[in-house]
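Here is a friendly walk through one protein chain, from charged pairs to a helix and then a pocket. Keep the picture at hand as you read.

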Amino acid sequence: MSVTLGQAVPHFTAEATSATQVDLAALKGHKLVIYFYPKDSTPGCTTEGQDFRDLYPAFQQANTVILGVSRDGMRSHENFKAKHAFPFELISDKDEQLCRLFDVIRLKKMYGKEHWGVERSTFLIDEQGVLQQEWRKVKVPGHAQAVLEAVQASTSPTH
């Protein structure tokens, strides 16, 4: 079973950096941006994380939690997060539970060899836990800004 636009995201819990346990139910009342990336400390993944980091205050103003997800282990995540001062948590998805839920595992080609890897993807979940938007086959330049604009557009002005 994988997520579908306009439908509630199935409940999940996951181990994250800072010795935290992410529980989807506990995030109700906040928007959630969950972005999947292939590997810690690689150029594109570093730039993507830095872009989300740099826009983090604007995401916070829009009542939005950001979570990064890859199959890397917790030690790698903690180092990656600390080195780049990411103000959000990174989820270690070694067993690919979330990657499969969000259907981001794809057969990729690198240097002529095929392997299964994470397709860079981002998902926007609303305050009720419903998947509102998805970006697949993400190109990093400008992506975090586009996600922020989508989040801000989904924020109804308070009167």
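## Charged pairs, a helix and a pocket

Glu-96 and Arg-100 join their side chains in a salt bridge, with N and O 2.6 Å apart. Keep in mind that you are looking at a predicted model. Glu-96 is a buried residue, with a relative accessible area of 14%. This pair also has company: Arg-71 is linked with Glu-96 and Arg-100 in a network of salt bridges.

What lies behind such pairs? Side chains of opposite charge can pair when their charged atoms come close. In this structure there are 10 salt bridges, and three of them are set out below.

| Salt bridge | N to O distance |
|---|---|
| Glu-96 and Arg-100 | 2.6 Å |
| Arg-120 and Glu-48 | 2.8 Å |
| Arg-106 and Asp-103 | 3.3 Å |

Take the pair of Arg-120 and Glu-48, whose closest N and O atoms are 2.8 Å apart. These two residues connect distant parts of the chain, 72 residues apart. Arg-120 sits in the loop between strand E7 (113-118) and strand E8 (121-125), while Glu-48 belongs to helix H1 (residues 43-61). Are these partners buried or exposed? Arg-120 is buried, at a relative accessible area of 14%, and Glu-48 is buried as well, at 2%.

The pair of Arg-106 and Asp-103 has another setting. Arg-106 is partly exposed, with a relative accessible area of 26%, and Asp-103 is partly exposed too, with a value of 35%.

### The two sides of helix H2

Now find helix H2, which covers residues 74-84. Which of its residues are buried? They are Met-74, His-77, Phe-80, Lys-81 and His-84. Around the helix axis they cover an arc of only 125°, so they lie on the same side of H2. A general rule helps here: an α-helix has 3.6 residues a turn, so residues three or four places apart point the same way.

Turn to the other side of H2 and you will meet Arg-75, Ala-82 and Lys-83, which are exposed. What do the buried residues pack against? Their partners are H1, strand E1 (13-16), strand E4 (64-70) and strand E5 (89-92).

His-84 is worth a look of its own. This residue is part of helix H2 and counts as buried because its relative accessibility is 12%, which is under the 20% cut-off. Setting aside neighbours within four places in sequence, His-84 is in contact with Thr-46, Gln-50 and Arg-53. After H2 comes Ala-85, which has a positive phi, near 55°.

### The largest pocket

Finally, let us visit the largest pocket, which holds about 150 Å³ of space. Its lining consists of Pro-38, Arg-71, Lys-108, Lys-109, Met-110, His-115, Trp-116, Gly-117 and Val-118. You have met Arg-71 already, in the salt-bridge network with Glu-96 and Arg-100.

Which strand gives the largest share of this lining? That is E7, with 4 residues. Strand E6 (105-110) and E7 each supply at least two lining residues. Sorted by class, the lining has 4 nonpolar, 2 polar and 3 charged residues.

Definitions and conventions
Residues numbered from 1 in each chain as written. Predicted model: local features only at pLDDT ≥ 70, side-chain atom pairs only at ≥ 80, totals over all residues. Heavy atoms only, no water. Salt bridge = Lys/Arg side-chain N within 4 Å of Asp/Glu carboxyl O. Buried < 20%, exposed > 50% of the residue type's maximum accessible area, 1.4 Å probe, protein only. Arc of directions from axis to C-beta. Contact = heavy atoms within 4.5 Å. 1 Å grid on protein atoms, 1.4 Å probe; cavity = no way out; pocket = protein on both sides within 12 Å on 5 of 7 lines; lining within 4 Å. Points joined across faces, edges and corners; volume = space filled by probe spheres on them. Nonpolar A, V, L, I, M, F, W, Y, C, P; charged D, E, K, R; others polar.
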